[in-house]
Amino acid sequence: MGVLDRLFSVEGKTALVTGGATGIGRMIATGLAAGGARVLIASRKAEACLAAADDINAEGHPGRVEGFGGDVATESGIMALVAALGEKTERLDILVNNAGVSWGAPLDDFPHEAWARVMGVNVAGLFTLTQQLLPQLTRHASAGDPARIVNLGSVMGAAPLGDGAYSYAASKAAVHHLTKILAKELAGRHVTVNALAPGPFASKMTAFATGTAEKAAAVGRGVPLGRIGHADDIAGATLFLCSRAGAYTTGAILPVDGGIGVETGHALFEEG
């Protein structure tokens, strides 16, 4: 086994990716399958997950993807998802909490209902699913090879960027903080907990801004590195956190944002 395989392979691992049929979730599922894992993807639309699994498997990765239906918007939905997962596998090495919703509206028109809906899925749903899957995650975990939880945060949760998505941005800041809390509490149970904080990627959620090549290029011009994120960017970060390479990393909020998170605004003493 070469050093790259030893460090970054996830062969033999079983992963669950919520919201894995589209967007960043699908990029993550594809990356884990490319690394050799058995990947289960779940979302409210079971048919979309089954179709996505077939498409990813057709690419010929060493790992396999399986799709099924699962909803993290309600407690009953989460319990049903956990039960369905238990019928498919007794082993779970990697949990990627990717499922999320957003809501955009101008400040003066932003509705109260947008808070319960977004926080319920993005924060409460993430927490309860993690809580309910801890028995499976800890079953085969060890100090040398801990179980991995990867939460999907956002650059909007790390920098004061509202852009009309007030509840979404606040929910992602909560995800970042919860990630650190859980990392502290679960370290003794051999579970690492980290979060990815992506910048702009092409997805269903960002289709209004990245849905065409022209729009994506326009958004990319506002990113310090000059482009939106690509599938390999998020897949590589995920493989690091979920493989031997990331076994000693926990509580990290890993920016995958092209430098947006370190922008400091205009220059105070710009040369004339």
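The questions and answers below look at the cysteines and two helices of this predicted model.

User: How many disulfides does the count come to?

Analyst: A disulfide is a covalent bond between the sulfur atoms of two cysteines, and here a pair of sulfur atoms is counted when they lie within 2.5 Å. The sulfur of Cys49 has its closest cysteine sulfur in Cys242, and because the two are 18 Å apart, they are too far from each other for a bond. By this rule, the count of disulfides is zero.

User: Is Cys242 buried or exposed?

Analyst: A residue counts as buried when its relative accessible area is under 20%. Cys242 has a relative accessible area of 3%, so this cysteine is buried.

User: Where in α5 does the kink lie?

Analyst: Helix α5 runs over residues 113–139, and its 27 residues reach 39 Å from the first C-alpha to the last, which is close to the 39 Å expected. Even with that agreement in span, the helix has a kink of about 50°, placed shortly before the proline Pro135, and the residue at which this kink lies is Leu133.

User: Which elements do the buried residues of α6 pack against?

Analyst: Helix α6 covers residues 166–186, and its end C-alpha atoms are 30 Å apart, in agreement with the 30 Å that its 21 residues should span at 1.5 Å a residue. Its buried residues include Tyr168, Val175, His176, Leu178 and Leu182. The buried residues of this helix, α6, pack against one helix and three strands, namely α5, β5 (147–152), β6 (191–198) and β7 (253–256).

Conventions: Residues numbered from 1 in each chain as written. Predicted model: local features only at pLDDT ≥ 70, side-chain atom pairs only at ≥ 80, totals over all residues. Heavy atoms only, no water. Helix = DSSP H or I, 4+ residues; strand = E, 2+ residues; numbered from the N terminus. Expected span 1.5 Å × (residues − 1). Bend = angle between axes of the 7 residues up to and from the residue. Buried < 20%, exposed > 50% of the residue type's maximum accessible area, 1.4 Å probe, protein only. Contact = heavy atoms within 4.5 Å.
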